[in-house]
Amino acid sequence: MAKRVLIAGASGLVGYAAVRHFGTLPGWEAVGVSRRVPAGLPEEAELLSVDLLDAEACERVFGAMSNVTHLVYAALQEVPGLMPGWVDPEVIERNASMLRNLFEPLSRAASGLEHVSLLHGTKAYGLHHPSIGAKGVKVPLREREPRREHPNFYFEQEDYLRAKQAEGGWELTTWRPTVIYGDAPGNNMNPIPVIGAYAALLREEGKPLDFPGKPGAPTLREAVDADLVAHALSWATEEPAAWGGTFNLTNGDVFMWENVWPAIAETLGMEAGEARQVSLVEEMPKLAAEWSALVERYRLNSPADLVEYCGYNSLIYADTVLGAPNRPPLPILNSTIAVRQAGFTECMDTEDMFRKWFARLQETGAIPPA
C-alpha cells in the first residue's frame, strides 16, 4: 500500500522540491498544499489551493484526509519587507495558527499518521533577534545548545506538536537548514531566480556578469540545495535515528561568492565581471519593461512581471545573502555532525549546486538559454 505524504507550503522552496521528490518516489503518493498552486511539478502529485489561515477551509479539506501517513510542514507566511515580520508578534501568531489550523483536523482524520517533519531554520538560534544576534550565539551553531528564549514562531510550532504527540503514535523530526537554493519561482527567500533574471538582463545588453554584492573581506558562507533537503525529508520517514531529532542541514562545504561567481557566469554563458554593488530590490523593478520584452522575445515560461517572477521579498533576500560580510568577522557556520551521526550523509558541492540551478532555469525556459 502506498504511503501518502501531505506537503504544506508546496509553492515554497522546500515544499516545491519535496513535492517533486516524493511525487516521483516509488511507493509514495504526494499531496501539495499552498495558497498559490505552483506550476512545473510532476503530474503524479496532487496540488490543492488552501489558505491555512482559513480555519473553516482547513477543517473541510484536512478533516477529510484519512489516508495521510506523513506530513511535511514547510508552510510559511512572510510580509512585504521580510525581516520586520520575523520579530512581529502578529506574524509570529499567524504562522503558529496556520500549523494548528492544518494539524487539528488532520490529526483527528489521519489515524494512520506515522511521521511529521517540521521545517524551521537557523533563526531558531536567535541570530535575527536583537536580544541575541550574532554575538549571542556559539559558532558553529549546534542543535544541542539550550534554547535561547525569544519571540519565535518556531518555538510555538514545535511545542504545539510535541504536546500533540501525547495523543498519537507518530514521530517528529525538526529541521534547521541554512540558506536554501532552488528553482521555486515567486518565492520569499530564493536568490536563484533573482540572480538568473539579473544576469539575463545584463547579457541582453552585452555586459559581463558583475557581482552585485558589496565588495569586502572574503567571508565563508554556507548553502543547502533544496533537493538535498527533500532527500533528507524522505530519509527521515524511515530512519528511527531521525525521530525526535532536530537537525541542521547544509551542503557539507563552505563557499565564498567571489570564488563561485565565475562558475555561475560560465553556466549563464557570460564572462564574470567586477564587484559593483547594486541594490537589486531598488534597481531591478526599474527594468520591468526590459524583462517583459525579454520574456516575449525568447518566449520564456516566466511571468512578464519581473517582480512577480523573482518575488519581492526574494529581491530583498538576495541583497542580504549577496551583501556585506557577516559581523563579527568569524562566519556564522552550522555544525551538521548530528544529522551525519544519525545516518544522513548526502552532501553536495556548492559550486555544482549553483551550476545545476542556473542550468535548470535555462532548460525550463525560465530565463534565456546560454
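A residue counts as buried here when its relative accessible area is under 20%, and that cut-off will come up at several stops. Keep in mind that you are looking at a predicted model.

**Stop 1: the sheet**

Start by showing the strands as a cartoon. Seven of them make up an open sheet, paired in parallel, in the order β3-β2-β1-β4-β5-β6-β10. Select residues 46-49 for β3 and 246-249 for β10: these are the edge strands, and each has a pairing partner on one side only. From one strand to the next, the twist averages 20 degrees.

Now pick out β5 (115-119) and β6 (171-177), whose parallel pairing runs over five bridges. Put sticks on L119 and you will find W175 of β6 opposite.

**Stop 2: a chain of rings**

Stay on W175 and turn on aromatic side chains; the structure holds 17 aromatic pairs. W175 and W235 make one of the edge-to-face kind, with 6.4 Å between centres and 65 degrees between planes. This pair joins strand β6 to helix α6 (226-237), across 60 residues of sequence. Both W175 and W235 are buried.

From W235, go on to F247. These two rings are also edge-to-face, 6.3 Å centre to centre, with their planes 65 degrees apart. Here helix α6 is linked to strand β10, and the partners are twelve residues apart. Are W235 and F247 buried or exposed? W235 has a relative accessible area of 16%, so it is buried; F247, at 5%, is therefore buried as well.

**Stop 3: a ring cluster, and helix α13**

Next, select Y181, F211, F255, W257, W261 and F354, which ring pairs link into a cluster. F354 is among the buried residues of α13, along with T350, M353, W357, F358, R360, L361 and Q362.

Follow F354 into its helix. α13 covers residues 350-363, 14 in number, and spans 20 Å from first C-alpha to last, close to the 20 Å expected. What caps its N-terminal end? Zoom in on D349: a side-chain oxygen sits 2.8 Å from the backbone nitrogen of E351. After the helix comes G365, with a positive phi near 75 degrees.

**Stop 4: N101**

Finish at N101 in helix α3 (89-109). Its relative accessible area is 18%, which means that N101 is buried. Where does its side chain reach? Draw a distance to the backbone oxygen of L52 and you should read 2.8 Å. Leaving aside residues up to four places away in sequence, N101 touches L52, L53, D54, A55 and C58.

Notes
Residues are numbered from 1 along each chain as its sequence is written. This is a predicted model: local features need pLDDT of at least 70, side-chain atom pairs count only at pLDDT 80 or more; totals for chains, interfaces and linings use all residues. Side-chain values use heavy atoms; hydrogens and water are left out. Helices (H or I, at least four residues) and strands (E, at least two) are DSSP runs, numbered from the N terminus. The expected span of a helix is 1.5 Å times one less than its number of residues. Buried means under 20% relative accessible area, exposed over 50%, partly exposed in between (1.4 Å probe, protein chains only). A polar contact is a pair of N or O atoms within 3.5 Å; within protein, one must be able to donate a hydrogen and the other to accept it, and residues adjacent in sequence count only if both atoms are side-chain atoms. Contact means heavy atoms within 4.5 Å. Two strands pair if DSSP finds at least two bridges between them. Axes are lines fitted to C-alpha atoms, for helices over the stretch in contact, and angles run from 0 to 180 degrees between N-to-C directions. Rings of Phe, Tyr and Trp (its six-membered ring) pair if their centres lie within 6.5 Å; planes under 30 degrees apart count as stacked, over 60 as edge-to-face and the rest as tilted.
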